[in-house]
Amino acid sequence: MIWQLVTPLLILGVVLFALLRGVEVFDALIAGARDGLNVLLRIVPALVPLLAAVTMLRASGFLNAFSELCRPAFQWLGIPPECAPLLVVRPFSGSGALAVGIDLMQTHGVDSLVGRTAAVMLGSTETTFYAVSVICGAAGVGRTRYIIPAALLADFAGYISASMAVRWLFT
């Protein structure tokens, strides 16, 4: 019951603090909403083609072919080859990656090595291209020459670490 009051009390506390400091709360709310819409208008053009590309990759069968192609390398790295579609989709789309993760868990089971690895990968990696487009778009950074490779390398390290952690903790 007390947890149900946390959000309303937090909002009330912020409003009271703002009023005590002499801030026009409604005007500040409107200004924040305006800024949020401006950010949205800057990032939507980058997001639409990314989401379309992810949908096309899943529908074309590329992800399944990629899984088979990378099977030997993934086995050598200790990553379940069945998780290959997740590695392709995750940098582009969080919802697409979640759909792939759910599919993996329904196919192999949530307590399987594949299901657990997929769950940890979803939690330990980022939607790289989305995050870079949002952050760089909001900050006005146009050149992402070094950001993208570094972020993808960090994702790859997250995939390997997730696989290692699951194998270490659950096998």
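In the predicted model, Phe-62, Phe-66 and Phe-74 make up one aromatic cluster. The number of aromatic pairs comes to three. Within the cluster, the rings of Phe-66 and Phe-74 are classed as edge-to-face, because their centres lie 6.5 Å apart and their planes stand at 75°, an angle over the 60 degrees that this class requires. Phe-66 is partly exposed, with a relative accessible area of 22%, whereas Phe-74 is buried at 6% relative accessibility.

A further pair is formed by Phe-92 and Phe-129, whose ring centres are 4.6 Å apart and whose planes meet at 15°, so that the arrangement is stacked. Since Phe-92 belongs to the loop between helix H4 (84-89) and helix H5 (94-108), and Phe-129 to helix H7 (residues 128-139), this pair ties together parts that are 37 residues apart in sequence. Phe-92 is partly exposed, at 25% relative accessibility, and Phe-129 is likewise partly exposed, at 21%.

Turning to the interior, the largest nonpolar core comprises 21 residues, and those with the most contacts inside it are Ile-79, Cys-83, Leu-86, Leu-87, Leu-104 and Met-121. Two or more residues of this core are supplied by each of helix H3 (62-77), H4, H5, helix H6 (113-124) and helix H8 (147-170), with H4 giving the largest share, five residues. When neighbours within four places in sequence are set aside, Ile-79 is in contact with Phe-74, Leu-87, Met-121, Tyr-159, Ile-160, Ser-163 and Arg-167; Phe-74, one of these partners, is also a member of the aromatic cluster with Phe-62 and Phe-66.

Notes
Residues numbered from 1 in each chain as written. Predicted model: local features only at pLDDT ≥ 70, side-chain atom pairs only at ≥ 80, totals over all residues. Heavy atoms only, no water. Phe/Tyr/Trp six-rings, centres within 6.5 Å; stacked < 30°, edge-to-face > 60°. Buried < 20%, exposed > 50% of the residue type's maximum accessible area, 1.4 Å probe, protein only. Helix = DSSP H or I, 4+ residues; strand = E, 2+ residues; numbered from the N terminus. Core = buried A, V, L, I, M, F, W, Y, C linked by side-chain atoms within 4.5 Å. Contact = heavy atoms within 4.5 Å.
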